Amino acid sequence: MTIRPFKPIHGWRSFWGEVGIIVLGVLIALGAQQLAEDWQGRSRARGSIAAVDAELATNAGVFEERTLQQPCEERRLSEIRALVSAARTTRRLPRISGIGKSIARPTLRAAWEEAQDSDVLDRWPRQDRISVAALYSQQAPSDALTLRETEQWLRLQSMMQMMTGPISDGDLTLLADVIADLTFYSWNNGIDASQEFAMIIQRGIRPSYFVVLDRKGSRAEMQALVAKSLMCQPLQLSSAD
């Protein structure tokens with residue numbers, strides 16, 4: 001059996017020309033597919049960044065509200081320390097209508113967690129990944145400490161209302177311990193809120209006060225809400241019966 005070598009009908013030049021056209025077509029198709037995938041990936045990354053920035057805008061409103069209340073908390077703690085100090089001499093606590101409590105609004109993180117759980121985060125610009133990761137890593141423990149502070153404010157108010165009138169050294173020591181804890185929590189949470197707020201603003205994000213006001217609203221409305229809070233009102237005292 002004689003095997004004849006392959007020979008293109010129209011010659012080798014024509015054959016390789018046709019092969020080249022086919023290869024070029026395949027490469028163009030693959031390149032177009034890659035471009036489409038890259039465009040889709042960049043589009044998903046932009047959408048993810050926009051969702052996270054919207055989430056951070058809401059968190060910025062929460063942090064700003066807490067930051068604005070910080071001077072009221074410091075003033076209230078100073079007033080309470082003065083009352084406890086005076087009670088060591090008078091052996092009595094005046095009646096207090098209410099001392100207020102810190103703001104403990106939860107911050108959002110669903111959009112960031114969704115980005116982390118997908119491959120879209122790999123397409124984020126490196127600086128965005130670093131800065132946003134730092135924001136959310138600080139935010140998680142801050143939420144827990146903010147809730148702890150609010151619990152301590154409520155505990156302090158309950159204790160002072162129950163201890164109205166004659167007071168013992170033991171009760172005064174208990175009050176001093178709670179005040180010391182609150183002083184730390186208030187200072188720490190105030191610093192965290194101001195830092196988080198500043199970091200979000202540095203990203204060029206405008207705060208949203210939807211969570212604070214339960215609707216769309218302005219910074220002036222948020223400021224008015226803080227000013228009207230019990231914590232920022234004068235301490236109402238009366239003599240114990």
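## Salt bridges, and a network of them

A salt bridge here is a side-chain nitrogen of Lys or Arg within 4 Å of a carboxyl oxygen of Asp or Glu. By that rule, Asp-53, Asp-128 and Arg-203 are linked in a network of salt bridges. Keep in mind that this is a predicted model.

The structure holds eleven salt bridges. One of them pairs Asp-53 with Arg-203, with the closest N and O atoms 2.9 Å apart. This one links distant parts of the chain: Asp-53 sits in helix α1 (residues 12-90), while Arg-203 is in the loop between α4 and α5 (210-213), 150 residues apart. As for solvent, Arg-203 is partly exposed, because its relative accessibility is 22% and buried means under 20%.

## The overall layout

Stepping back, the protein chain has six helices and four strands. Read from the N terminus, the order is α-β-β-α-α-β-α-α-α-β. The protein chain has 241 residues, and 37% of them are buried.

Take the contacts in the protein chain between residues at least 6 apart in sequence: 84% of these join residues at least 24 apart. On the outside, the protein chain exposes about 14,200 Å², with carbon and sulfur atoms supplying 59% of that area.

## Two more bridges to helix α1

Side chains of opposite charge can pair when their charged atoms come close. Arg-219 and Glu-64 do this in a salt bridge at 2.3 Å, N to O. Arg-219 lies in helix α6 (residues 219-228) and Glu-64 in helix α1, so the bridge ties together parts that are 155 residues apart in sequence. The two ends see solvent differently: Arg-219 is partly exposed at 39% relative accessible area, whereas Glu-64 is buried at 4%.

Glu-65 has a salt bridge too, with Arg-105, and there the closest N and O atoms are 2.6 Å apart. Glu-65 is in helix α1 and Arg-105 is in the loop between β2 (95-96) and α2 (110-116), so this pair ties together parts that are 40 residues apart in sequence. Glu-65 is buried, with a relative accessible area of 3%, while Arg-105 counts as partly exposed at 27%.

## A buried Glu with no bridge

Glu-55 is another residue of helix α1. Glu-55 is buried yet has no salt bridge. How far away is the nearest side chain of opposite charge? That side chain belongs to Arg-109, and it is 7.1 Å away, whereas a salt bridge needs the atoms within 4 Å.

Glu-55 does have a backbone partner, though: a polar atom of its side chain lies 2.8 Å from the backbone nitrogen of Ala-110. Leaving aside neighbours within four places in sequence, Glu-55 is in contact with Leu-108, Arg-109, Ala-110, Ala-111, Trp-112 and Tyr-136.

## Aromatic pairs

Two of those contacts of Glu-55, Trp-112 and Tyr-136, turn up again here: Trp-112, Trp-124 and Tyr-136 form one aromatic cluster.

A search of the whole structure finds four aromatic pairs. In the pair of Phe-184 and Trp-187, the ring centres are 6.4 Å apart and the planes are at 40°, so the pair is tilted. Phe-184 and Trp-187 are about one helical turn apart, because they are three residues apart in helix α4 (residues 169-202). Phe-184 is partly exposed at 43% relative accessibility, and Trp-187 is exposed, with a relative accessible area of 52%.

Helix α4 also holds Asp-181, which counts as partly exposed at 36% relative accessibility. Asp-181 and Glu-149 are 32 residues apart in sequence, and C-alpha to C-alpha they are 8.4 Å apart in space.

## Positive phi angles

Which residues other than glycine have a positive phi? Arg-91 is one, with phi near 65°. Arg-91 lies in the loop between α1 and β1 (92-93) and is partly exposed at 33% relative accessibility.

Asp-214 also has a phi near 65°, again a positive value in a residue other than glycine. Asp-214 is in the loop between α5 and α6. With 66% relative accessibility, Asp-214 counts as exposed.

Conventions. Residues are numbered from 1 along each chain as its sequence is written. This is a predicted model: local features need pLDDT of at least 70, side-chain atom pairs count only at pLDDT 80 or more; totals for chains, interfaces and linings use all residues. Side-chain values use heavy atoms; hydrogens and water are left out. Rings of Phe, Tyr and Trp (its six-membered ring) pair if their centres lie within 6.5 Å; planes under 30 degrees apart count as stacked, over 60 as edge-to-face and the rest as tilted. Buried means under 20% relative accessible area, exposed over 50%, partly exposed in between (1.4 Å probe, protein chains only). Contact means heavy atoms within 4.5 Å. Accessible areas come from the Shrake-Rupley method with a 1.4 Å probe; for residues, only the protein chains shown count as cover. Lys and Arg count as positive and Asp and Glu as negative; His and the chain ends are not counted. A polar contact is a pair of N or O atoms within 3.5 Å; within protein, one must be able to donate a hydrogen and the other to accept it, and residues adjacent in sequence count only if both atoms are side-chain atoms.
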